[in-house]
Amino acid sequence: MAEPHEMFLGSLMLIWVVLIALVQFDRVSLGRYDYFRILPGFRFFAPRPIAYDVKIFARTASCEGDVSTWKELFDYNQNRGNLIWNPHQKLRKMVLDLYREIATFRDADEIKHMCLSYLTVLNHSSALMKGRKQANFVQFIFTAERGFQDESNTCEILFQSNWHTI
Amino acid sequence: MHWIDNRGALLLLAALLSGVCVLISTLESIRLLSHFRDDGIFSWVAASARSKHTCNGTLGKFCRVLYGYPNFIFLLSLRVVCIFGLFLNASNYFAAGLICLLIGVTSILINMRGRLGGNGADQIASNTIIVAGIALCIDSKFVQGCALVFLAIQVALAYATPSWLRVFQSSWWTGEDLMLIIRSQSYGNRHLWRFMVERRKFTIITSFIVIAFESLFPFSLFLPFPYVIIFLIFGFLFHLMNSFIMGLNTFTWAFLAGYAPCLWLSHWINQEFYSSLR
């Protein structure tokens, strides 16, 4: 027969694994209370994978109205599969997560700039563009590219920010 | 004692493999450290605004010290030191257990910094280390058994959840969704994409095998004992391919850590449960 403290620890593990199972059904409600991030979601590429590569570009404008060309914010090349080392995967995942959050505000023009992911990207693009000549305003976009199917680098704009003072 | 009955050793193996996952993930974060600056994409200034508690008051000040740039590197470095400590103290279960708990605390603190940009492998690995740490410290057969069951169920859920969702998507059965993943520059591979475009049957069969393997994995634990090994070997090859093709490097180590508990659970079900039914 197990000791009381052993029963306690065993029950704790049982409750934890039951919560992990439950969170798979309802990530939103239970995930909200997952302050310690111990309830992982296992929906890897399911039920449907994201069909394109999401990238972020930014450009600047001067007070006179001269607009610069688009610059990609993250200089990572395409996926380099490796068993040991793949730091850019974290950046790609971050860009995807930021887009997922921003996408929910896509049609809410009045409040989209209050979304935290929006502010995160704006903060980063402003800092990157600050040093440019005559850069008074900044704008960013999220784009979708069809990977190896279309290597002509044409892309679709998924989300466009307002112009902001740097 | 038969090796499969050595619960402490199996838990230690799980902790060590998760340690490799966490080590890689931490070193990758250190490599991307410039992105953790106040104007970076992983900036704490932006992330802290998600809660009123983390941007104001005493907790806010504490979080700024812990998570701000460049202080955050101390937390990452502490985790690296702890993982090396775990590798060096692997012969002492109690010491290894304590270090696992310390890695667990640093992992929770790192994961709490921001919910965006993290992946499932990091969470699986930190859960594994915490549970293995508790069980190694307590040195009770019952708690160690519970920990092994926890880890095996965690892996089974990680396989079953996405595949059971895919079963109801016709686009997975036609190979269309697998093609979408391989087509992307983020998770795909140009050569494999071209190969798959020319050989649609290969794509359909591969897609079917992936769904079948993942959705049947939980049931493999109930098969007569040695048969689970076939699933584990297939799973290992599956993750190896995912690393090289899709760049999901840390997932290989995180899932591999759960294989020893799966082996134990399958053996336990056969030994204890089925024999009691006879």
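A residue is buried if 20 or more other C-beta atoms lie within 10 Å of its own. By that count, 49% of the 278 residues of chain B are buried. In chain A, 29% of the 166 residues count as buried. Both values come from a predicted model.

Confidence in the prediction was examined next. The model scores ipTM 0.94 and pTM 0.94. Chain B has a mean pLDDT of 93, and 99% of its residues reach 70 or more. Among the elements of chain B, helix α5 (residues 72-88) has the highest mean pLDDT, 97. Helix α3 (residues 52-55) of chain B has the lowest, 85. For chain A the mean pLDDT is 88, with 97% of residues at 70 or more. Confidence in chain A is highest in α1(A), at a mean of 95. Confidence there is lowest in helix α2 (residues 27-31), at 76.

The two chains were then described in turn. Chain A has four helices and five strands. Along the sequence, these elements follow the pattern α-α-β-β-α-α-β-β-β. The radius of gyration of chain A is 21 Å, well over the 15 Å that the globule rule gives for 166 residues, so chain A is more spread out than a compact globule. The box filled by its C-alpha atoms is roughly 80 × 35 × 30 Å along the principal axes. Chain A is divided into domain 1 (1-46) and domain 2 (53-165). The C-alpha centres of these two domains of chain A lie 35 Å apart.

Chain B has 15 helices and zero strands. A compact globule of 278 residues would have a radius of gyration near 19 Å, and the 21 Å of chain B agrees with this. Its C-alpha trace spans about 60 × 55 × 30 Å along the principal axes.

Contacts within each chain were sorted by separation in sequence. In chain B, among contacts between residues at least 6 apart, 72% join residues at least 24 apart. In chain A, among contacts between residues at least 6 apart, 49% join residues at least 24 apart.

The chains also meet each other. In all, 54 residues of chain A are in contact with 62 residues of chain B. On the side of chain A that touches chain B, α1 (4-25), α3 (88-103) and α4 (116-129) of chain A each supply at least two residues. The most comes from α1(A), with nine residues. By class, this side of chain A has 30 nonpolar, 14 polar and 10 charged residues.

One residue of chain B illustrates a contact across the chains. R166(B) lies in helix α8 of chain B. R166(B) is buried, because 25 other C-beta atoms lie within 10 Å. Leaving out residues up to four places away in sequence, R166(B) touches A46(A) and P47(A) of chain A, and W172(B) and I211(B) of its own chain. The C-alpha atoms of R166(B) and S215(B) are separated by 9.3 Å, although these residues are 49 apart along the chain.

Nonpolar cores were examined last. In soluble globular proteins, nonpolar side chains tend to be buried together. The largest nonpolar core in this model has 70 residues. Those with the most contacts inside this core are L11(B), A15(B), A132(B) and A147(B). Helix α8 (residues 141-166) of chain B contributes the largest share of the core, 13 residues. A15(B) touches A132(B), another of the residues with the most contacts in the core. Other residues touched by A15(B) include L86(B), A96(B), C100(B) and I129(B), with residues up to four places away in sequence not counted.

Apart from this core lies another, of 27 residues. Among its members are Y52(A), Y99(A), V121(A) and V138(A). V138(A) lies in strand β3 (residues 137-145) of chain A. V138(A) counts as buried because it has 24 C-beta neighbours inside 10 Å. Not counting residues up to four places away in sequence, V138(A) touches A58(A), T60(A), S125(A), S126(A), M129(A), H164(A) and I166(A). S11(A) offers another distance for V138(A): the C-alpha atoms of the two are separated by 54 Å, and the residues are 127 apart along the chain.

Technical notes:
Residues are numbered from 1 along each chain as its sequence is written. Chains are lettered from A and ligands numbered from 1 in the order in which they are written. Domain bounds come from an automatic or database domain assignment. Two residues are in contact if their C-beta atoms, placed from the backbone, lie within 7 Å. Ala, Val, Leu, Ile, Met, Phe, Trp, Tyr, Cys and Pro count as nonpolar, Asp, Glu, Lys and Arg as charged, and the others, Gly among them, as polar. The radius of gyration is taken over C-alpha atoms; the globule rule is 2.2 Å times the number of residues to the power 0.38. A residue is buried if 20 or more other C-beta atoms lie within 10 Å of its own, exposed if 12 or fewer, and partly exposed in between; C-beta atoms are placed from the backbone. pLDDT is the predictor's confidence in each residue, from 0 to 100. A nonpolar core is a set of buried Ala, Val, Leu, Ile, Met, Phe, Trp, Tyr and Cys residues joined through C-beta atoms within 7 Å.
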